[in-house]
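Take a look at the sequence and the model shown here. The report that follows goes through it section by section.

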There are 2 protein chains.
Amino acid sequence: MRNSQWSPGSTALLPAVAVDLVVFTLIEGRLQVRLATRDEEPFAGVLALPGGFVRSDENLDEAAAREFVEETGLARLRTHLEQLRSYGDVARDPRGRAFSVAYLVLAPGVPDPVPGTEPARSRWLPIEAALASRLAFDHAAILRDGLDRVRGKLEYSSLATAFCPAEFTVAELRVVYEAVWGRPLDPRNFHRKITGTPGLLVETGRARREGPGRPATLYRAGLVNTLNPPLTRD
Amino acid sequence: MRNSQWSPGSTALLPAVAVDLVVFTLIEGRLQVRLATRDEEPFAGVLALPGGFVRSDENLDEAAAREFVEETGLARLRTHLEQLRSYGDVARDPRGRAFSVAYLVLAPGVPDPVPGTEPARSRWLPIEAALASRLAFDHAAILRDGLDRVRGKLEYSSLATAFCPAEFTVAELRVVYEAVWGRPLDPRNFHRKITGTPGLLVETGRARREGPGRPATLYRAGLVNTLNPPLTRD
DNA sequence: ATAATAGTGTCTTTTAGACAATATCAC
DNA sequence: GTGATATTGTCTAAAAGACACTATTAT
């Protein structure tokens, strides 16, 4: 593609700009990240974050949303999408100078895997396995930054609700925290803390009966999205 | 400049990539930001953040550091520099597609202004004045984001020490918080909180006598840079 | 009835914030 | 001395975290 805006006389560097996505979801109570096996050089056969080049007629957020749909095949509905940070080291792409704007994406309601299905080119990987895998380019650093962001943001925001379906129980929300932080939380203190923050959750009036035990109240995410005082990881 | 890495057959968009700097300092106990009057179109005569294009042989952090020195004339020593976020809306630059990676820069020890000096093309502006001014491109949004970042990060980090000289008193550090947050803090509770976080500050053994009153102990920034539990703004 | 999960109450420890009291200086 | 700033101590209210207890279901 010819560059139609910046004249050859300009002093500006003209690199490629891509978006890369750190897409998290919860499957079977465990935090999972979306990775795809590359089928082209460089890094053919190596796992990489989903992503692609930004087009000339789209904003960064739009490029991230488009790549999310293209690469995961999931519906854009109810996904949380926020910019993470940018990566632009001179040598990060052996093909030449390339910038990447990374996005953090949280996708709720991903279908459970069908047992016996062979792993496709693009698939979900538990976070521990992803961190231990070799990733293409600087994607290991990007994944690390995305994980740090989501872990930190659960402390002081309602971000955890982005992992849940439209209606959810306090226990489901607690499982999100436990999966992301990798440690158990006291269900009773968690319940008091979450329901005690005005506006964070809205009762639907209905309840869900799931196996034995008292039915759990169903909530929707409220308009308040700051958790003050915060939940602490320690 | 010819683009030497991405062939014309590539599908990648080739835009210009710049760094823009939100440079804060404290002058006369007030938070100030560095702005320059543009002398070229577009936005000739309008205030803008310092910044410039990334060169082909430098990383993003290096470009930010270089632009800081070039545009402010200040020494790079003891400045804090961290990436803020990136901006890439299709229409953000009327000359064509352009991305900007914004950086937050904290510069300590800026000399007090000489009264009677006419304002130069590049100068410090109190934050309230800067927020009320018309800024070029999307620089008002970038400034806003930079201010939010520094305000938020004072709560849970040692970032405020980046506004101070190498050795400073607890009162100097408190003035930083008061200037950035725009509200007074109780000197006694602040002192107890800051000095009670192990590793955050290191006593130099010396003290500073400044006018009347008991001399203040001089500290250096310690190795710990997380404030736990945090200071709250409310 | 029993086991399981949801939700409330109670207690102890920690922290925030208000503010009294003391320490050490310039004048 | 007086006035100013630094630093420590004390008190109260709020919150965290541990955990007993009650509520409501499936079996």
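## Charges over rings

Arg34(A) lies over the face of Trp124(A). The distance to the ring centre is 5.1 Å. Keep in mind that this model is predicted.

Chain B offers another case. Here the charged end of Arg85(B) sits over the ring of Tyr87(B). It lies 5.3 Å from the centre of that ring.

## The build of chain A

Chain A has 234 residues, and 49% of them count as buried. Its C-alpha trace spans about 70 × 40 × 35 Å along the principal axes.

Five helices and nine strands make up the elements of chain A. Read them from the N terminus and the order is β-β-β-β-α-β-β-β-α-α-α-α-β-β. Now consider contacts in chain A with a separation of 6 or more. Residues 24 or more positions apart account for 65% of these.

## Around DNA strand D

How many residues surround DNA strand D? There are 26. The closest are Arg188(A), Asn189(A), Lys193(A), Gly213(A) and Thr217(B). Of the atoms of DNA strand D that come within 4 Å of the protein, sugar and phosphate account for 61%.

Some polar contacts reach the bases. A polar side-chain atom of Arg192(A) lies 3.2 Å from a base nitrogen of DNA strand D. Gly213(A) uses its backbone instead: one of its N or O atoms lies 2.8 Å from a base oxygen of the strand. Pro230(A) also uses a backbone N or O atom, and this one lies 3.5 Å from a phosphate oxygen of DNA strand D. Several elements give two or more residues to the surface near DNA strand D. In chain A this is helix H5 (187-195). In chain B these are helix H4 (170-181), helix H5 (187-195) and strand S9 (216-221). The largest share, four residues, comes from H5(A). By class, the surface near DNA strand D has eight nonpolar, seven polar and eleven charged residues.

## Around DNA strand C

DNA strand C has 25 residues around it. Thr217(A), Arg188(B), Asn189(B), Lys193(B) and Gly213(B) come nearest. Sugar or phosphate holds 62% of the atoms of DNA strand C within 4 Å of the protein, and the rest belong to bases.

Which atoms of chain B approach the bases of DNA strand C? Arg188(B) has a polar side-chain atom 3.1 Å from a base nitrogen of DNA strand C. Arg192(B) places a polar side-chain atom 3.2 Å from a base nitrogen of the strand. For Arg214(B), a backbone N or O atom lies 2.9 Å from a base oxygen of DNA strand C. The elements that give two or more residues to this surface are H5 and strand S9 (216-221) of chain A, together with H5 of chain B. H5(B) gives the most, with four residues. The residues near DNA strand C divide into eight nonpolar, seven polar and ten charged.

## Aromatic pairs

A search of the whole structure finds six aromatic pairs over all chains. One of them joins Tyr177(B) and Trp181(B). The pair is edge-to-face, with 80° between the planes. Centre to centre, the rings are 5.1 Å apart.

Where do Tyr177(B) and Trp181(B) sit in helix H4 of chain B? They are four residues apart in that helix, so about one helical turn separates them. Tyr177(B) is buried, and Trp181(B) is buried too. In chain A, ring pairs link Tyr177(A), Trp181(A) and Phe190(A) into a cluster.

## A threonine in a loop

Thr197(B) is found in the loop between H5 and strand S8 (201-208) of chain B. Is Thr197(B) buried or exposed? Its relative accessibility is 9%, so Thr197(B) counts as buried. The cut-off for buried is under 20%.

What does Thr197(B) touch? Set aside its neighbours within four places in sequence, and Thr197(B) is in contact with Thr226(B) and Leu227(B). The side chain of Thr197(B) also reaches the backbone oxygen of Lys193(B), at 3.2 Å. Lys193(B) appeared earlier, among the residues that come nearest to DNA strand C.

Methods: Residues numbered from 1 in each chain as written. Chains lettered and ligands numbered in written order. Heavy atoms only, no water. Near = heavy atom within 4 Å. Polar contact = N/O pair within 3.5 Å; in protein donor to acceptor, adjacent residues only side chain to side chain. Nonpolar A, V, L, I, M, F, W, Y, C, P; charged D, E, K, R; others polar. Phe/Tyr/Trp six-rings, centres within 6.5 Å; stacked < 30°, edge-to-face > 60°. Buried < 20%, exposed > 50% of the residue type's maximum accessible area, 1.4 Å probe, protein only. Lys NZ or Arg CZ within 6 Å of the ring centre and 35° of its normal. Contact = heavy atoms within 4.5 Å.
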